[in-house]
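Would you like to get to know a new protein by working through a few exercises? Take your time with each task, and look at the solution once you have tried it yourself.

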Amino acid sequence: MAKVARNNPFIKDGATTKLLHVVFLMDRPGQQRVAALDPNRPPPDEFAVRGSEIYLKCPNGMARTKLTTQYFDSRLKTTITVRNWNTVLRLVEMAKG
């Protein structure tokens with residue numbers, strides 16, 4: 001989980017944490033499936049695929065994004081779950097003991 005927290009490209013860009021989410025994928029998608037994701041689908045939202053995670057930045061909130069669980073499930077052919085950034089950080093702290 002600490003690795004997930006370190007690899008968020010939007011943190012490095014200075015994004016506000018309340019805009020950030022992580023999509024956890026059950027299976028790592030192949031390059032062809034990742035390439036089939038439309039990078040122009042979400043403006044102003046952004047996403048970045050990093051291994052078995054997809055990092056999201058949703059300035060208008062998750063309720064308004066087109067980057068839905070259904071979209072990623074159908075394109076990547078895997079099961080997913082999404083967590084907001086604060087939950088990810090709490091999980092990192094819990095894992096430390």
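The exercises below go from the whole chain to single residues, and the model they use is a predicted one.

**Exercise 1: the overall fold**

Task: Find how many helices and strands the protein has, and in which order the elements run.

Solution:
- Step 1. Counting the elements gives 5 helices and 4 strands.
- Step 2. Starting at the N terminus, the order reads α-α-β-α-β-β-α-β-α. With a radius of gyration of 13 Å, close to the 13 Å that the globule rule gives for 97 residues, the protein is as compact as a globular protein of that length.
- Step 3. For the extent in space, take the C-alpha trace, which spans about 40 × 30 × 20 Å along the principal axes.

**Exercise 2: inside, outside and charge**

Task: Describe the burial, the contacts, the surface and the charges of the protein as a whole.

Solution:
- Step 1. Of the 97 residues, 37% are buried.
- Step 2. Among contacts with a separation of 6 or more, 67% are between residues 24 or more positions apart.
- Step 3. The accessible surface is about 6,000 Å², and carbon and sulfur atoms hold 47% of that area.
- Step 4. There are 16 positive and 8 negative charges, and the mean positions of the two sets lie 1 Å apart.

**Exercise 3: one face of a helix**

Task: Work out which residues of H4 are buried and how they are arranged around the helix.

Solution:
- Step 1. The buried residues in H4 are Tyr-71, Phe-72 and Leu-76.
- Step 2. Looking down the axis of H4, these buried residues fall within an arc of 100°, so they line one face of the helix.
- Step 3. A general rule helps here: an α-helix has 3.6 residues a turn, so residues three or four places apart point the same way.
- Step 4. As for partners, the buried residues of H4 pack against the strands E1, E2, E3 and E4 and against helix H3.

**Exercise 4: the start of H4 and the loop after it**

Task: Is Thr-69 buried, partly exposed or exposed, and what is unusual about the phi of Lys-77?

Solution:
- Step 1. Thr-69 belongs to helix H4, which covers residues 69-76.
- Step 2. Thr-69 has a relative accessible area of 39%, and since buried means under 20% and exposed over 50%, Thr-69 is partly exposed.
- Step 3. Beyond its neighbours within four places in sequence, Thr-69 is in contact with Ile-80 and Val-82.
- Step 4. Lys-77 sits in the loop between H4 and E4 and is exposed, at 55% relative accessible area.
- Step 5. Most residues other than glycine have a negative phi. Lys-77, although not a glycine, has a positive phi of about 55°.

**Exercise 5: two contrasting residues**

Task: Decide whether Leu-20 is buried or exposed, and do the same for Gly-97.

Solution:
- Step 1. Leu-20 lies in strand E1 and is buried, with a relative accessibility of 0%.
- Step 2. Leaving out residues up to four places away in sequence, Leu-20 touches several residues, including Phe-10, Leu-56 and Trp-85.
- Step 3. Leu-20 and Arg-83 are 63 residues apart in sequence, with 8.9 Å between their C-alpha atoms.
- Step 4. Gly-97 comes in the segment after helix H5, and its relative accessibility of 96% makes Gly-97 exposed.
- Step 5. Gly-97 is 61 residues from Ala-36 in sequence, and their C-alpha atoms are 40 Å apart.

How values were computed
Residues numbered from 1 in each chain as written. Predicted model: local features only at pLDDT ≥ 70, side-chain atom pairs only at ≥ 80, totals over all residues. Heavy atoms only, no water. Helix = DSSP H or I, 4+ residues; strand = E, 2+ residues; numbered from the N terminus. Rg over C-alpha atoms; globule rule 2.2 N^0.38 Å. Buried < 20%, exposed > 50% of the residue type's maximum accessible area, 1.4 Å probe, protein only. Contact = heavy atoms within 4.5 Å. Areas by Shrake-Rupley, 256 points an atom, 1.4 Å probe, with all protein chains shown as cover. Lys, Arg positive; Asp, Glu negative; His and termini not counted. Charge placed at Lys NZ, Arg CZ, Asp CG, Glu CD. Arc of directions from axis to C-beta.
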